[in-house]
Amino acid sequence: MSMLSGKTAIAGIGATEFSKDSGRSELQLAAESVLAALNDAGLTPADVDGLVTYTMEKNPETEVARALGMGNITYFGRVNFGGGAPGAVVLQAAMAVATGVADVVVCYRAFNERSGRRFGAGVQDRGTEPSAENAGYAWYTPHGIVTPAQWAAMTARRYMHDSGATTEALGAVAVAARRHAATNPKAWFYERPITLADHAESRWIAEPLRLLDCCQESDGGQALVIVSAERARDLPQKPAIIKAAAQGIAAPTAMMTAYYGDDIGHLEEMTLVADQLWADAQLSPADIPTAIIYDHFTPYVLMQLESFGFCGRGEAKDFVRDGNVELGGRLPINTHGGQLGEAYIHGMNGVAEGVRQIRGTAVNQVANVENTVVTGGAGVPTSGLILGADG
Amino acid sequence: MTSETSSSSLRPPLQASEVAIDDELPPLEIAIDRTFVIAAAIATRDYQDVHHDHEAAVKRGAPDIFLNILTTTGLVNRFVTDWAGPHARINKTAIRLGMPAHPGDTLTFTGTVTESADGVVTVSIDGTTARGSHASGSVTLSLSAVADSGDQR
Amino acid sequence: MSQDEHPGLTREQLDPFAGKSCGPSRQSRDPIAPSDIRSWIDAIGDTNPIYVDDDASMATGRSSVIAPPAMLQVWSMAGLGGTSKSTTQDPRKELFALLDDAGFTSVVATNCEQEYLGDAVPGDWITTSEVIESVSDVKDTGLGRGHFITTVMSFTASPDPLGDGELIGRQRWRLFRFAPKNRGSGGQAGGDSDRPPRPRPAINRDNAFFFEGTLAGELRIQKCDSCGTLRHPPSPACGACQSFDWSTVAMSGRGTIHSFVVNHHPQVPAFDYPLVVALVDLEEGVRFVAEMPDTDREDVAIGLPVEVRYRKQEDDLVMPHFVLAEGSSQ
């Protein structure tokens with residue numbers, strides 16, 4: 001990975017508005033966000049020769065290219081495992097650019113995930129066709145454990161039991177996200193902050209998770225443009241240099257149901273990602289003034305803070321206290337409002353916020369951000385990034 | 001058919017003059033056991049599993065197997081003819097169904113004459129268990145099988 | 001159940017069903033036999049001699065023994081394994097499908113009314129026909145909101161299987177097709193049977209052994225033939241030694257709760273909520289997820305001992321679940 005460090009940059013970001021009902025097709029959301037990212041980068045669709053997205057993405061590369069009039073595409077690839085992919089699509093794009101396979105790679109993710117198929121409804125209708133993937137669900141769905149919140153709750157319960165984290169600790173994560181969303185006009189929960197009491201009083205979804213522990217379901221699209229660091233310097237925006245990008249599957253890793261390892265509250269795959277990122281960027285937690293920590297469910301934010309060494313094992317419950325992860329605190333996280341407050345775009349909107357923090361253009365800008373961490377979905381095969389300022 | 005009851009020992013017909021409104025019928029108590037539920041279901045050719053298969057009944061949300069409706073109708077008619085005698089002819093039985101009757105329950109029928117005119121009597125009946133009303137309704141009968149133009153093919 | 005959720009069907013939807021025949025008339029498979037009458041009166045405990053004794057019956061003014069009038073419908077019952085009740089031409093299927101779609105999925109029989117117009121006697125063939133008499137507007141009852149459906153069966157009797165019978169009786173039968181107030185409250189006719197099925201496991205060559213085990217009442221876990229390591233979830237090879245040779249061993253079914261969830265939302269109709277699902281450390285050293293459907297959420301805690309139980313979910317599928325072990329209450 002050291003070969004890749006610093007070679008590429010995110011030169012453009014673009015998104016649709018984030019809503020609960022976009023009123024248009026998923027393909028249109030993809031096309032709009034890709035075009036916005038290219039405009040932001042000062043490039044045109046004709047410049048694009050690479051496309052990377054999620055395996056769960058329903059908008060084919062061919063259709064996105066056709067909609068925007070792209071020319072020849074010489075690299076296209078996809079990354080599996082849902083929300084685990086945001087750092088990984090950037091990694092694929094960076095590898096393609098650094099090796100000369102492509103020059104301008106666009107990463108995109110777009111869906112009507114609230115007004116269309118809702119991930120929160122789970123996989124109760126998963127088929128019985130005898131694939132290994134389907135067979136893996138045989139241990140959960142027939143028992144009524146069918147949604148991401150329910151899978152996550154099993155891990156969260158054990159983590160809370162082992163670490164002593166309480167509802168207040170989960171609430172601190174939610175309160176921080178909603179405080180940041182409250183001042184972000186793009187956030188769904190703009191001007192709607194919550195208190196710890198609001199969190200503690202919200203209804204159960206899957207104990208120990210309450211409604212305000214769970215991310216939103218959203219409609220929207222987000223795209224990123226990756227080029228070489230050299231080329232980025234000639235484009236209009238301040239480059240967000242990809243200092244490190246990494247993926248991780250560890251021995252106990254599973255898709256939301258890593259229930260069989262020795263310590264299920266410890267995210268082995270995220271620790272694997274963190275170790276690679278720190279090594280490749282030659283940075284440590286002390287170098288990071290703000291971070292984007294994937295927040296599908298609040299307990300996983302606590303676990304990730306431990307995986308990255310922002311605090312010790314079992315100490316996240318204390319780390320997040322007293323506004324420490326809010327603006328003005330020791331490590332403001334998810335300054336856009338996160339997926340709890342801004343929108344759930346499978347982590348891609350978090351990458352965009354990391355870019356804005358490096359550019360210095362975030363609505364909730366943290367001072368002097370030379371480097372930032374962006375994580376992918378936790379509790380699944382995952383990925384992460386360290387973005388930094390040039391020079 | 002072999003004669004089981006000599007006609008001379010047959011109960012005489014109940015006379016209209018012997019029947020008054022508000023007369024109560026002698027109660028009939030049925031101690032329901034598993035054999036009864038199953039034998040009656042089979043005798044009515046009702047093979048729905050809830051009437052003979054405990055496990056199936058539980059799976060469908062019942063605490064145990066329970067009496068089928070055709071058996072309840074049969075018991076209601078028996079209850080009334082036990083009182084009115086073999087000459088009587090039942091014209092109509094109408095019941096409203098309530099709580100199921102399960103093995104271990106005692107089903108008690110009570111009845112009261114509500115109408116009596118020209119040898120045609122209407123009896124209001126209630127079949128109850130400790131769970132509540134199992135069946136309630138009315139039975140209309142002619143005291144004599146040949147008193148009206150009843151079918152005698 | 002709010003009225004908004006189940007507004008009920010309109011007269012325009014319901015009226016076309018009134019008066020419709022529920023398929024062709026059906027003749028009894030055999031003429032009335034004295035032995036059938038005998039079985040019935042033995043079961044019912046009816047000692048009225050007119051059903052078995054010609055002399056006694058004639059003494060009451062009848063021509064012979066008669067079939068007990070309450071047996072009207074018995075003669076046309078399909079019997080064991082019979083399916084004649086529901087033919088492809090039966091408009092009730094269409095009506096019930098409409099009601100299902102409107103949320104009225106449970107059924108309970110509410111009324112049975114028999115009119116006896118004539119006597120059936122041994123040797124008679126009984127022919128039955130049925131029509132839908134009426135479907136009510138939507139009604140609110142103690143069971144829930146739904147529609148009453150009334151059908152009328154007519155019975156004719158004839159000593160000649162080919163002859164025209166005489167009308168001997170009618171049976172008016174009323175069902176309530178409803179959306180239950182509380183899920184799982186079955187009516188007399190087993191209202192719960194209309195509940196949608198649970199998600200089925202996808203069964204393939206790697207995990208079929210497990211579901212064969214539960215059919216036999218065993219919780220079977222894979223064991224590597226080479227190094228003896230137990231593994232769950234199943235896998236075609238051993239991660240410890242790469243051997244593809246494996247067999248299975250039955251677990252004791254005892255273990256302790258490693259973690260658990262209590263599901264509240266969203267609610268899948270096949271399950272009751274709040275639903276407790278536990279991650280259990282089996283005493284042999286593997287972990288296993290299963291629901292604890294009969295356990296109160298207040299009684300569950302990490303570390304408590306549990307035992308496996310089995311429940312038939314479908315004809316070919318038995319699923320395990322856990323219960324708190326005896327004496328394990330907090």
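Contact here means heavy atoms within 4.5 Å. I start with that cut-off because it decides which chains count as touching. By that criterion chain A and chain B do not touch, and their nearest C-alpha atoms are 17 Å apart. Bear in mind throughout that this is a predicted model.

Let me take the interfaces, then the chains.

There are 2 pairs of chains that touch, and the pair with the most contacts is B and C. On that interface, 51 residues come from chain B and 59 residues from chain C. The size of an interface is often given as the accessible area lost when the parts come together. For chain B and chain C the buried area is about 4700 Å², and carbon and sulfur atoms give 53% of it. How many salt bridges are there between chain B and chain C? The count is 3. One salt bridge to look at pairs Lys92(B) with Glu113(C), where the closest N and O atoms are 3.5 Å apart.

Now chain A against chain C. Here 37 residues of chain A are in contact with 38 residues of chain C. The two chains bury about 3200 Å² between them, with 62% of that on carbon and sulfur atoms. Between chain A and chain C the count is 1 salt bridge. The side chains of Glu207(A) and Arg297(C) form a salt bridge, at 2.6 Å from N to O.

Stay on Glu207(A) for a moment. The peptide bond that runs from Glu207(A) to Pro208(A) is cis, with omega near 10°. And where is Pro208(A) found? It sits in the loop between strand S5, 204–207, and strand S6, 209–210, of chain A. So Glu207(A) takes part in a salt bridge to chain C and also precedes a cis proline.

Chain C has a cis peptide bond to show as well, joining Tyr273(C) and Pro274(C), with omega about -5°. Pro274(C) lies in the loop between strand S10, 254–263, and strand S11, 275–282, of chain C. Most residues other than glycine have a negative phi, and most peptide bonds are trans.

That brings me to a phi value. Glu191(A) is not a glycine, yet it has a positive phi of about 60°. This residue is in the loop between helix H6, 167–182, and helix H7, 196–201, of chain A.

Next, helix packing in chain A. I have two pairs.

The first pair is helix H1, residues 26–41, and helix H2, residues 61–68, both of chain A. Their axes come within 10 Å and cross at roughly 60°. That angle is why H1(A) is described as oblique to H2(A). The crossing of H1(A) past H2(A) is right-handed. From H1(A) the contact uses Leu27(A), Ala30(A), Ala31(A), Val34(A) and Leu35(A), and from H2(A) it uses Glu63(A), Val64(A), Ala67(A) and Leu68(A). By type, the residues of this contact are 8 nonpolar, no polar and 1 charged.

The second pair is helix H5, residues 148–163, and helix H10, residues 298–307, again of chain A, with axes that come within 10 Å and cross at roughly 60°. H5(A) and H10(A) are therefore oblique to each other. Is the crossing of H5(A) and H10(A) left-handed or right-handed? It is left-handed. H5(A) contributes Ala152(A), Thr155(A), Ala156(A) and Tyr159(A), while H10(A) contributes Pro299(A), Tyr300(A), Leu302(A), Met303(A) and Glu306(A). The split for the contact of H5(A) with H10(A) is 7 nonpolar, 1 polar and 1 charged.

Briefly, chain B on its own. Chain B has 3 helices and 5 strands. Along the sequence the pattern is β-α-α-α-β-β-β-β. Its C-alpha atoms fill a box of roughly 50 × 40 × 25 Å along the principal axes.

Last item, salt bridges overall. A search of the whole structure gives 38 over all chains. One of them, within chain C, joins the side chains of Asp137(C) and Arg11(C) at 2.7 Å, N to O. This pair links distant parts of the chain, with the two positions 126 residues apart in numbering. Asp137(C) is in the loop between strand S3, 125–135, and strand S4, 139–140, and Arg11(C) is in helix H1, residues 11–14, of chain C.

Technical notes
Residues numbered from 1 in each chain as written. Chains lettered and ligands numbered in written order. Predicted model: local features only at pLDDT ≥ 70, side-chain atom pairs only at ≥ 80, totals over all residues. Heavy atoms only, no water. Axes fitted to C-alpha atoms, helices over the stretch in contact; angles between N-to-C directions. Helix = DSSP H or I, 4+ residues; strand = E, 2+ residues; numbered from the N terminus. Parallel < 35°, antiparallel > 145°, perpendicular 65-115°, else oblique. Left-handed = near helix turned anticlockwise from the far one by under 90°. Nonpolar A, V, L, I, M, F, W, Y, C, P; charged D, E, K, R; others polar. Buried area = accessible area lost by both parts, 1.4 Å probe. Salt bridge = Lys/Arg side-chain N within 4 Å of Asp/Glu carboxyl O.
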